[in-house]
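Dear colleague,

Please find below the structure that I am handing over to you. I would be grateful if you would keep it open while reading the notes that follow it.

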Amino acid sequence: MENDGITNEQWQAIMLNDMSYDKKFYYGVKTTKIFCRPSCKSRPPRMENVKIFLDPKQALDEDFRPCKRCKPINKQLPAEEWVEQVTGYIDTHFKEHLTLQKLANLCHGSPFHLQRTFKRVTGKTPTEYIQQTRIKKATEYLVACDKQVGEIAEAVGIPNMTYFVTLFKQKTGYTPTEYRQAYKNNHLMEGIEHRENK
């Protein structure tokens, strides 16, 4: 049976990466849905996010995935699934300060391996994917609301306005203000054409 409650002994084993507890229990991290051996060298989770399992099958039955670093079932998670975890995290946390190291820690891998695997699977580096996600969200904000460009930059996780404008133009061919104006003009033209065709 799994136990949400964690004993002091189990917590100490996790905090100390104690190999002597491997195969005695496994721990899952509720926020990432990844499970590990007690000896895993990944960054320790917060105690309230830990769920204890007596064997890997229990964790798998609850849709937890094996850690790529400590391999609790002696099998690696397929690269595509691992990258899917990373992109899913980026898609929902793009507003936060994201680094390769942070993503690697969250997904229980090394930065080097993450960079290489991500690029092989998606054709982009994690940084390029983060930028693409932020700019896509910015384009949505530019056409859907009247927020100032600086507010939108902040909302998509790029607090440096100059960098935001430069990156936006590099990715879209327009400055944010030009993009918003072009959308409004195009939208206006479509409306006129629609009325003329009636």
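The paragraphs below set out what was found, beginning with a helix and the core to which it contributes. Please bear in mind throughout that this is a predicted model.

Let us begin with helix H1, which spans residues 8-15. Its buried residues are Gln10, Trp11, Ala13 and Ile14. Seen down the axis of H1, these residues fall within an arc of 160 degrees, so they line one face of the helix. A general point about helices may help here: an α-helix has 3.6 residues a turn, so residues three or four places apart point the same way. On the other side of H1, Asn8 and Glu9 are exposed. The cover over the buried residues of H1 includes two strands, E1 (26-29) and E3 (50-53). After the helix comes Asn17, which has a positive phi, near 50 degrees.

The next topic is the largest nonpolar core, which has 15 residues. Which of them touch the most other members? They are Ile14, Phe25, Tyr27, Cys36 and Val50. Two or more residues are given to this core by each of H1, E1, strand E2 (34-36) and E3. H1 supplies the largest share, three residues. As a general rule, nonpolar side chains in soluble globular proteins tend to be buried together.

Tyr27 deserves a separate look. Leaving aside neighbours within four places in sequence, Tyr27 is in contact with a list of residues that includes Ile14, Ile34, Cys36, Val50 and Ile52. Arg37, Lys51, Pro38 and Pro45 are also among the contacts of Tyr27.

We may now turn to a pair of helices. The axes of helix H3 (residues 79-93) and helix H6 (residues 126-144) come within 10 Å of each other and cross at roughly 35 degrees. This crossing of H3 and H6 is right-handed. On the H3 side, the contact is made by Thr87, Ile90 and Asp91, while H6 brings Pro126, Tyr129, Ile130 and Thr133. Of the residues in this contact between H3 and H6, four are nonpolar, two are polar and one is charged.

Finally, there is Tyr183, a residue of helix H9 (residues 176-196). Is Tyr183 buried or partly exposed? Its relative accessible area is 33%, and buried means under 20% while exposed means over 50%, so Tyr183 is partly exposed. Tyr183 and Thr139 are 44 residues apart along the chain, and their C-alpha atoms are separated by 9.7 Å.

With kind regards

Key
Residues are numbered from 1 along each chain as its sequence is written. This is a predicted model: local features need pLDDT of at least 70, side-chain atom pairs count only at pLDDT 80 or more; totals for chains, interfaces and linings use all residues. Side-chain values use heavy atoms; hydrogens and water are left out. Axes are lines fitted to C-alpha atoms, for helices over the stretch in contact, and angles run from 0 to 180 degrees between N-to-C directions. Helices (H or I, at least four residues) and strands (E, at least two) are DSSP runs, numbered from the N terminus. A crossing is left-handed if the near helix is turned anticlockwise from the far one by less than a right angle, and right-handed if clockwise. Contact means heavy atoms within 4.5 Å. Ala, Val, Leu, Ile, Met, Phe, Trp, Tyr, Cys and Pro count as nonpolar, Asp, Glu, Lys and Arg as charged, and the others, Gly among them, as polar. Buried means under 20% relative accessible area, exposed over 50%, partly exposed in between (1.4 Å probe, protein chains only). The arc is that of the directions from the helix axis to the C-beta atoms. A nonpolar core is a set of buried Ala, Val, Leu, Ile, Met, Phe, Trp, Tyr and Cys residues joined through side-chain atoms within 4.5 Å.
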